[in-house]
Amino acid sequence: MTKRLFGSRPLLFMAVTFSFGILIGAACVSSLGAKVALFCIFAICASVMLAVKFFRRFAYLAVCALIGFLAIIGAGDIYNANALPSGENLTLRGQVTSEITFSDEFYFTIDSISVNGKSYSGQANVYFYSDDIDFRPGDFVEMRATVYTNDFNPFDSLFSSVFVKGSYYGVFTYSCYKISDGELDFFTDTELKVKENFYTYTRPDTADIATALIFGDKSTMNENLYDDVKVSGLAHVLAISGLHISILAMFVSWILKKCRVKSVIRLAVVGVLLFLVFCGFASSAMRAFIMTMCLMGARAFGKKPDYLSALSLAAIIIMLINPVNLFAVGFQLSVLAVLGIMLLNKPIIKFFKRDNKFTQLVTTSLSTNVMTYPVVANVFGQFPVFFLISNLIVLPLMSFIYIGVIILTLFTLIIPLPQILIILDYLLIPFKATVMALSSVAVASIPAVGM
């Protein structure tokens with residue numbers, strides 16, 4: 001019998017203790033005395049466990065807790081040290097790094113921010129109240145503005161999500177003008193071109209859905225459409241997650257296998273491709289990427305895949321990169337959904353006493369929704385009634401829909417024929433029809449119990 005690539009317990013315990021350290025650190029991030037006292041306690045515990053032979057094999061847990069504690073403290077200190085000065089009538093300069101949208105005001109994101117010649121990290125969301133603009137994405141602008149900076153509060157799920165994205169500040173201005181031309185980096189420029197093609201050559205609702213599927217961006221999605229998607233139980237389909245990454249990984253791996261490419265080379269090609277496509281996305285995509293590479297790597301080297309180890313390793317890496325991820329809703333839902341499949345899928349299958357494709361779809365949907373219910377109840381306050389029906393209809397088709405959207409998008413980047421994107425209007429009919437039918441039912445969602 002082949003050995004597992006990793007043992008489950010060490011990585012799982014490391015993830016748990018690392019999370020514990022982050023939680024403790026977050027609770028005292030604003031108190032210098034508490035930070036010093038808890039640091040001493042963690043350091044003493046780690047030292048004692050390393051010194052006493054009986055506890056030595058568990059000392060790595062104390063070290064993980066200490067690292068988690070220091071990571072969240074450091075994140076808070078760095079944020080506070082680099083925060084923009086809040087106030088009115090400040091002069092800001094920065095580069096426009098997003099599309100410029102208009103509702104009641106112009107909205108865009110700026111990076112490379114400076115105030116009175118001093119540079120600051122992070123991005124700012126700008127709300128520009130005007131009838132016209134003289135700049136485009138990539139240009140450098142200057143403005144007289146009012147700036148709002150949120151206090152560092154990692155327990156707040158909204159702030160955590162914003163912090164993870166790097167959009168730390170809100171800027172409101174009536175005066176913004178171009179000071180110099182600029183160019184976007186290749187990836188941002190490509191993303192904006194694709195979005196422009198979507199909204200030019202397809203229906204608005206198709207463009208909203210395609211943008212979410214490809215980029216995980218729902219910021220420009222019609223609010224009523226997104227509410228309908230959530231009520232129908234299909235919001236997870238529009239988040240860049242394990243579903244999208246696994247579909248793309250399997251598709252590319254299948255093509256390479258047909259070309260008789262060796263497993264190790266397939267692993268490297270899939271890894272590079274997934275990294276290039278998804279490296280800038282949310283923690284849910286990063287979690288799926290790390291897990292996919294772990295599981296494919298295990299198979300490529302003749303080891304038995306260990307899903308719990310892969311999930312634990314992914315969680316550790318994501319929290320090491322940014323410990324505030326622990327409090328972000330996307331990270332919580334992603335980890336809990338996968339954990340639900342691992343822990344509940346087999347027991348539910350045994351309950352049904354049969355194992356086939358239909359049963360697997362049902363049990364997977366039940367497992368993920370049961371495990372993520374506490375977060376859904378706390379954050380959204382409602383629960384989709386027809387999640388099982390919508391997933392049974394849409395999920396079997398998602399492989400074809402997602403791959404179709406990717407192929408059409410790549411085609412328009414290689415060959416300047418964006419008119420072909422009109423096919424997306426027909427390709428997405430099953431998804432849109434399911435959302436429309438289920439969201440129109442009076443009891444499509446119910447208040448979450450306990451809210």
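## Lys 195 and its surroundings

Lys 195 sits in helix 5, the run from residue 186 to residue 201. In this predicted model, is Lys 195 buried or exposed? Its relative accessibility is 6%, so Lys 195 counts as buried, the cut-off being under 20%.

Which residues does Lys 195 touch, once those up to four places away in sequence are set aside? They are Glu 99, Thr 211, Phe 215 and Asp 217. Two residues from that list, Thr 211 and Phe 215, are also named among the buried residues of helix 6, which makes helix 6 a natural next stop.

## Helix 6, an enclosed helix

Helix 6 covers residues 204-215, twelve residues in total. From its first C-alpha to its last it reaches 16 Å, close to the 16 Å expected at 1.5 Å a residue. Ten of those twelve residues are buried, so helix 6 is largely enclosed by the rest of the structure.

If you would like to find the buried residues yourself, look for Thr 206, Ala 207, Asp 208, Ile 209, Ala 210, Thr 211, Ala 212, Leu 213, Ile 214 and Phe 215. An α-helix has 3.6 residues a turn, so residues three or four places apart point the same way. Just after helix 6 comes Gly 216, with a positive phi of about 70°.

## The largest nonpolar core

How many residues make up the largest nonpolar core? There are 101 of them. Those with the most contacts inside this core are Leu 92, Ile 110, Met 143, Phe 152, Phe 198, Leu 213 and Phe 431. Helix 10, which spans residues 283-300, gives the most to the core, with ten residues. Leu 213 links this part of the tour to the previous one, being a buried residue of helix 6.

Met 143 is a good place to look at the contacts in detail. Leaving out residues up to four places away in sequence, Met 143 touches Leu 90, Thr 91, Leu 92, Ile 110, Val 126, Val 171, Thr 173, Ser 175 and Cys 176. Two of these partners, Leu 92 and Ile 110, are themselves on the list of residues with the most contacts inside the core.

## Two asparagines with positive phi

Most residues other than glycine have a negative phi, and most peptide bonds are trans. Asn 89 goes the other way, with a positive phi of about 60° although it is not a glycine. Asn 89 is found in strand 1, residues 87-96, and is exposed, with a relative accessible area of 52%.

Asn 116 also has a positive phi, of about 55°, and is not a glycine either. Where is Asn 116 placed? It lies in the loop between strand 3 (106-115) and strand 4 (118-120). At 71% relative accessibility, Asn 116 counts as exposed.

## The second largest pocket

About 340 Å³ of space lies in the second largest pocket. It is lined by 17 residues, and the closest to its centre are Ala 15, Val 16, Ser 19, Ala 315 and Val 335. Helix 1 (8-27), helix 11 (307-321) and helix 12 (329-352) each supply at least two residues of the lining. The largest share, six residues, comes from helix 1.

What is the character of the lining, counted as nonpolar, polar and charged residues? It has 14 nonpolar residues, three polar ones and no charged ones. Val 335, one of the residues closest to the pocket centre, belongs to helix 12 and is buried, with a relative accessible area of 17%. Its C-alpha is separated by 29 Å from that of Ala 433, a residue 98 places apart from it along the chain.

## Phe 352 and Ile 403

Phe 352 is another residue of helix 12. At 36% relative accessibility, Phe 352 counts as partly exposed. Phe 352 touches Thr 359, Val 362, Thr 363 and Leu 366, not counting residues up to four places away in sequence. Between Phe 352 and Leu 50 there are 49 Å in space, C-alpha to C-alpha, and the two are 302 residues apart in sequence.

Ile 403 brings us to helix 14, residues 387-414. With a relative accessibility of 11%, Ile 403 counts as buried. Leaving aside neighbours within four places in sequence, Ile 403 is in contact with Ile 247, Leu 248, Phe 251 and Met 398. The C-alpha atoms of Ile 403 and Ile 348 are separated by 30 Å, with their positions 55 residues apart along the chain.

How values were computed:
Residues numbered from 1 in each chain as written. Predicted model: local features only at pLDDT ≥ 70, side-chain atom pairs only at ≥ 80, totals over all residues. Heavy atoms only, no water. Core = buried A, V, L, I, M, F, W, Y, C linked by side-chain atoms within 4.5 Å. Buried < 20%, exposed > 50% of the residue type's maximum accessible area, 1.4 Å probe, protein only. Helix = DSSP H or I, 4+ residues; strand = E, 2+ residues; numbered from the N terminus. Contact = heavy atoms within 4.5 Å. 1 Å grid on protein atoms, 1.4 Å probe; cavity = no way out; pocket = protein on both sides within 12 Å on 5 of 7 lines; lining within 4 Å. Points joined across faces, edges and corners; volume = space filled by probe spheres on them. Nonpolar A, V, L, I, M, F, W, Y, C, P; charged D, E, K, R; others polar. Expected span 1.5 Å × (residues − 1).
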